[in-house]
Amino acid sequence: MLKKITSALIASAFLVAINVQAMSPTAYQYYLSSNYYLTIKQPDKAIEELKKAISYSPNDSMLYLKLAGIYNDLKDWKLAVETYKKAIEIKPDDAFTYVSIGNILMQNHDYKGALEAYEQSRRDDLESLAYVL
């Protein structure tokens, strides 16, 4: 189990490192600050920092994904879905985002919407979907 978690963390760090190249330095500082606030259990401040990061790198889908994940953790489903949809506008072929939307819709008993999101994930990015599963 620990080996799987370690592998997942390494893969996540690698993906962040690849994406950070497109992020402005100021946005990256706010991104790091948001991570700090999450570690000390202050999601509201993390949200503020991510919004600032987005203002400096508005075309970085990873920032929207991170923000949507926080909304999801806070059970603010509406904002989570809205934010995931912003990520889709930037990177429309990311299966992870569609699966995340589908999961939220499923939790809220919108089975038709969830099925549509899952089907979209299959159409757009089978390789990414395999990574998610």
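**Close-up views of a predicted model**

**View 1. The largest nonpolar core and the helices that build it.** Of the 28 residues that make up the largest nonpolar core in this predicted model, those touching the most other members are Met 23, Tyr 31, Leu 50, Leu 63, Leu 67, Tyr 84 and Ile 101. At least two residues of this core come from each of the helices α2 (25-39), α3 (43-56), α4 (61-73), α5 (77-90), α6 (95-107) and α7 (111-124). Helix α4 gives the largest share of the core, with eight residues.

**View 2. The surroundings of Leu 50.** Leu 50 is among the core residues that touch the most other members, and this view turns to its contacts. When neighbours within four places in sequence are left aside, Leu 50 is in contact with Tyr 31, Ser 34, Leu 63, Lys 66, Leu 67 and Ile 70. Of these partners, Tyr 31, Leu 63 and Leu 67 are themselves listed with Leu 50 among the core residues that touch the most other members.

**View 3. Helix α5 and its two faces.** The 14 residues of α5 should span 20 Å at 1.5 Å a residue, and the end C-alpha atoms of the helix are indeed 20 Å apart, which agrees with that expectation. Buried in α5 are Ala 80, Val 81, Thr 83, Tyr 84, Ala 87 and Ile 88. Because these buried residues cover an arc of only 165° around the axis, they lie on the same side of α5. The exposed residues Lys 78 and Glu 89 are carried by the face of α5 turned away from its buried side, whereas the cover over the buried residues includes α4 and α6.

**View 4. A salt bridge within helix α3.** The count of salt bridges comes to one, and the side chains of Glu 49 and Lys 52 meet in a salt bridge with an N to O distance of 3.2 Å. Glu 49 and Lys 52 are three residues apart in helix α3, and so they are separated by about one helical turn. An α-helix has 3.6 residues a turn, so residues three or four places apart point the same way. Glu 49 counts as buried because its relative accessibility is 10%, while Lys 52, at 35% relative accessibility, counts as partly exposed.

**View 5. Arg 123 and Asp 93.** Arg 123 has its place in helix α7, and because its relative accessibility is 56%, Arg 123 counts as exposed. Although Arg 123 and Asp 93 are 30 residues apart in sequence, they are 8.5 Å apart in space, C-alpha to C-alpha.

Conventions: Residues numbered from 1 in each chain as written. Predicted model: local features only at pLDDT ≥ 70, side-chain atom pairs only at ≥ 80, totals over all residues. Heavy atoms only, no water. Core = buried A, V, L, I, M, F, W, Y, C linked by side-chain atoms within 4.5 Å. Buried < 20%, exposed > 50% of the residue type's maximum accessible area, 1.4 Å probe, protein only. Helix = DSSP H or I, 4+ residues; strand = E, 2+ residues; numbered from the N terminus. Contact = heavy atoms within 4.5 Å. Expected span 1.5 Å × (residues − 1). Arc of directions from axis to C-beta. Salt bridge = Lys/Arg side-chain N within 4 Å of Asp/Glu carboxyl O.
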